[in-house]
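Colleague: Could you take me through one part of this model up close? Start wherever you like, and tell me what it packs against and how its neighbours fit in.

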Amino acid sequence: MPFARLSSATTPTCHLGLGLAAVGRPGYINLGRAEDLGEDRGPDALRARTHELLDAAYAQGVRYFDAARSYGRSEEFLADWLKARPDVRDAVVGSKWGYTYTAGWSIEAERHEVKDHTLATYERQRAETDALLGERLDLYQIHSLTPDSPALTDRALHARLAEAAAAGLTLGFSTSGPAQADTVRAALEITVDGTPLFGTVQSTYNALETSAGPALAEAHDAGLTVIVKEGMANGRLAPEHAPPALRDIAEETGLGCDAVALALILRRPWAGVVLSGAATVPQLGSNLHAAAVDLTDDQAARLDALAEDPRGYWAYRGELPWH
């Protein structure tokens, strides 16, 4: 399994990864995005920004990089970076299928992505991903499973995915929505010829949204690598928007709100990889300081008290504008 490569890493940042959702396309829902990216969001500008982030992350010990078919041209940008750096052989590369990017590189698009978890979409997007990442692809994930997703029950899809696993590709799934725990547990039950189908799970977990925690612990105990996304709650835990308790603890530690927020996740024994969604190199550097934060039990308890009802959390997230 590709994440075994990370288990032998000794850098402080080996459990931190870089997700490319914020830089592979001109529009996204993160707060503060306009200030982060500025006005030039053409493909060349975002390619250069992505490569700068990848260089900085790799130089600081990050070894997992996460893209998706729906993250605009993120796979293309990542593939270009890998081709230009043939000596980078220890990176673990993941991507996702199940959403199609439909914004046409416009921030004003009516719909930015369309979800479809059918076998036909898997076949089409797998070919698209292979054309870009080829043998560098280590992990292919179903993008944003929910309890009603047909991918949980489609045996023909499961059989096709099992063929990919038999050929050496690690399979995973990501989750979203207030019922993430239900989705994780349903996916853990999927087997093909008695063999569990998935090797990883990627879920939203942060100081405000902790509902998936028990299920992620179960996934870890079942042998899956747990990847945590949206650890910054789409910018709600950044200094400009952080709750007072998080700001206070950041001041106590002498590090940023972002480092403290990500450090809380790193404390979870089931957290295999925690993604940074940084859009700038300074943001990335601050995020990576999470590895140096040593939270006390009292500080962790104060952060745990920030958790919201998951239905309210996801309702708020669903209202965030693309900008």
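Modeller: Sure, let's start with helix 3, residues 43-59. Its 17 residues reach 24 Å from the first C-alpha to the last, close to the 24 Å expected at 1.5 Å a residue. Keep in mind that this is a predicted model. The buried residues of helix 3 are L46, R47, R49, T50, H51, L53, L54, A56, A57 and Y58, so you'll find two arginines and a histidine on that list. The cover over them includes strand 1 (16-19) and strand 2 (64-66), along with helix 2 (33-37), helix 4 (74-84) and helix 11 (281-288). After helix 3 comes G61, with a positive phi near 100 degrees.

Helix 4 takes us on to helix 5, since it also helps cover the buried residues there. Helix 5 runs over residues 119-133, and its 15 residues span 20 Å, first C-alpha to last, close to the 21 Å expected at 1.5 Å a residue. Buried in helix 5 are T121, Y122, Q125, T129 and L133. Looking down the axis of helix 5, those buried residues fall within an arc of 95 degrees, so they line one face of the helix. A120 and A131, on the other side of helix 5, are exposed. Besides helix 4, the cover includes strand 3 (92-97), strand 4 (99-101), strand 6 (139-145) and helix 6 (155-166). Just after helix 5, G134 has a positive phi of about 50 degrees.

Now follow strand 6 to strand 7: the two run parallel and are joined by five bridges, with Q141 opposite G172. The chain gets from strand 6 to strand 7 through helix 6, in a right-handed β-α-β crossover. Six of the six residues of strand 7 are buried, so the strand is largely enclosed by the rest of the structure. T170, G172 and S174 point one way, while L171, F173 and T175 point the other way. Strand 7 also runs parallel to strand 10 (residues 200-204), with three bridges between them.

S174 is a good place to finish. It sits in strand 7 (residues 170-175) and is buried, at a relative accessible area of 1%. S174 stands opposite Q202 in strand 10 and also touches it; the contacts of S174 beyond four places in sequence further include K96, I142, H143, S144, L145 and K229. T210, by contrast, lies 36 residues from S174 in sequence and 15 Å from it in space, C-alpha to C-alpha.

Technical notes:
Residues numbered from 1 in each chain as written. Predicted model: local features only at pLDDT ≥ 70, side-chain atom pairs only at ≥ 80, totals over all residues. Heavy atoms only, no water. Helix = DSSP H or I, 4+ residues; strand = E, 2+ residues; numbered from the N terminus. Buried < 20%, exposed > 50% of the residue type's maximum accessible area, 1.4 Å probe, protein only. Contact = heavy atoms within 4.5 Å. Expected span 1.5 Å × (residues − 1). Arc of directions from axis to C-beta. Pairing = 2+ DSSP bridges. Right-handed = clockwise from strand over helix to strand, strands pointing away.
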